[in-house]
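Thank you all for making time this morning. Before I say anything, I would ask you to have the sequence and the structure open in front of you.

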Amino acid sequence: MKFDENKIFTKALFLSLLKILSFILVFVMILEGLSITVFSKKAATQYKNAFSKSYSFTTEPANSIDIALIGSSDLYSGFIPVNLWDKYGYTSTVISTPKQTVSRSYTFLEELLKTQSPKLLVIETDMFYQGVEIEHNPDFNKERTERISASDKMKRIVKMISNVPVDGNIENHFTVFMFHDEWKKLSKKSYKAVMKKKDTVTCEHGYNFNKIVYPTKDNKRMTFTKQAEAIPDESIHYLNKMLDLCRQNNIKVAFVEMPSLTSWNYARHNAVKQFAENNSIPFIDLNLEEHFTKTKIKYENDFRDDGNHLNYYGAEKATDFLGEFINNTYSDILPDKRNDSKFVYWQESSNQFKEKYNVK
């Protein structure tokens with residue numbers, strides 16, 4: 001009998017491809033299964049990692065959050081949702097991770113809108129420059145700004161050519177990639193505890209409590225300059241996508257920059273202020289002397305590290321300041337829910353927060 005070598009080769013190739021595709025399918029199914037159970041976003045709120053606080057909004061009842069605040073770690077260090085509730089009856093959540101980029105924030109916003117209909121989105125602006133070295137020199141060099149902008153353009157081109165997924169999209173769907181290090185902590189007992197508590201609203205609502213006091217001093221970061229440090233192109237791209245989402249969902253937008261001695265300066269303030277004005281967005285920069293003084297934040301008492309993040313005492317003051325701004329600007333669209341029986345759990349959250357961290 002004469003064998004047809006081409007047919008044999010084709011059949012062998014087909015079987016090999018079928019095996020590979022079957023393996024990929026099974027692998028994806030396993031990832032999907034883990035990502036919606038043990039390593040789900042709700043389960044993540046019970047873990048102790050960089051994302052545990054940021055996914056607090058997944059445990060909130062549907063359409064219960066009126067204010068979402070999104071940005072880098074400056075935000076989860078500086079805003080206390082239960083304090084806003086105590087004073088104004090506004091429901092809020094902080095969606096923040098260390099070194100959070102605008103592209104990841106866009107992914108978070110998409111996720112938030114699956115279950116919530118916030119009336120106000122507060123965007124923290126420090127993340128616009130994530131990964132860009134800070135320049136404190138008041139005589140900011142325009143040539144350096146152009147080099148930074150060109151560098152970001154090159155990174156974008158490389159991403160397009162290599163088809164590398166945008167920041168956070170794969171991890172956002174297959175969350176096992178974000179929480180894989182929790183395997184070693186998940187005994188049968190702890191797994192059951194995580195799954196049992198995954199729908200419990202956390203009393204922090206995204207805030208990261210820290211009472212450490214690290215005395216520091218003014219480093220003249222906000223010395224006046226007319227120069228503006230261009231916002232990187234990739235940040236602009238995803239920021240515009242976030243703003244488009246807000247327009248589509250009738251969400252008001254405000255920009256805020258939290259007090260930071262290590263990642264902010266006047267040149268960055270100027271660039272963000274110009275973008276905000278061009279888009280009719282209110283911009284509150286708590287580093288400006290007029291605002292910093294009004295908050296009564298003290299360099300010697302209200303930071304937890306070398307001036308990059310506020311501690312709890314500083315966060316109280318920053319929250320009070322921003323709460324007053326929010327109430328004065330958006331009270332017509334933000335209901336006070338303290339007398340609404342459906343939101344009694346927020347008062348319980350506030351009481352639990354005070355008891356858990358021994359604060360008033």
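I will go through a strand, then a pair of helices, and then two residues with an unusual backbone angle.

Please keep in mind throughout that this is a predicted model.

Let me begin with strand E2, which runs over residues 92–96 and is mostly covered, five of its five residues being buried. If you look at the two faces of E2 separately, Ser92, Val94 and Ser96 are buried on one side, and Thr93 and Ile95 are buried on the other, so that both faces are covered. Strand E1, residues 67–71, pairs with E2 in the parallel sense, and the pairing extends over five bridges.

Within that pairing, I would like to stay for a moment with serine 92, which belongs to strand E2 and is the bridge partner there of isoleucine 67. Is serine 92 buried or exposed? Its relative accessible area is 0%, and the cut-off for calling a residue buried is under 20%, so serine 92 counts as buried. Setting aside neighbours within four places in sequence, serine 92 is in contact with Ile65, Ile67, Leu69, Phe79, Pro81, Leu84, His205 and Trp346.

Two of those names, Pro81 and Trp346, come back when we turn to the helices, since Pro81 of H4 and Trp346 of H14 both take part in the contact between H4 and H14. Helix H4, residues 81–88, and helix H14, residues 344–357, have axes that come within 9 Å and cross at roughly 125 degrees, and H4 and H14 are therefore oblique to each other. The crossing in which H4 passes H14 is left-handed. On the H4 side the contact is made by Pro81, Val82, Trp85 and Asp86, and on the H14 side by Trp346, Gln347, Ser349, Ser350, Phe353 and Lys354. Sorted by class, this contact of H4 with H14 has five nonpolar, three polar and two charged residues.

Finally, the backbone. Most residues other than glycine have a negative phi, and with that in mind I would point to two residues. Asparagine 358, although not a glycine, has a positive phi of about 55 degrees; asparagine 358 lies in the segment after H14 and is exposed, with a relative accessible area of 64%. Lysine 220 has a phi near 60 degrees, again a positive value in a residue other than glycine, and sits in the loop between helix H9 (188–197) and helix H10 (233–248). At 56% relative accessibility, lysine 220 also counts as exposed.

Note on methods
Residues are numbered from 1 along each chain as its sequence is written. This is a predicted model: local features need pLDDT of at least 70, side-chain atom pairs count only at pLDDT 80 or more; totals for chains, interfaces and linings use all residues. Side-chain values use heavy atoms; hydrogens and water are left out. Axes are lines fitted to C-alpha atoms, for helices over the stretch in contact, and angles run from 0 to 180 degrees between N-to-C directions. Helices (H or I, at least four residues) and strands (E, at least two) are DSSP runs, numbered from the N terminus. Angles under 35 degrees count as roughly parallel, over 145 as roughly antiparallel, 65 to 115 as roughly perpendicular and the rest as oblique. A crossing is left-handed if the near helix is turned anticlockwise from the far one by less than a right angle, and right-handed if clockwise. Contact means heavy atoms within 4.5 Å. Ala, Val, Leu, Ile, Met, Phe, Trp, Tyr, Cys and Pro count as nonpolar, Asp, Glu, Lys and Arg as charged, and the others, Gly among them, as polar. Buried means under 20% relative accessible area, exposed over 50%, partly exposed in between (1.4 Å probe, protein chains only). Two strands pair if DSSP finds at least two bridges between them.
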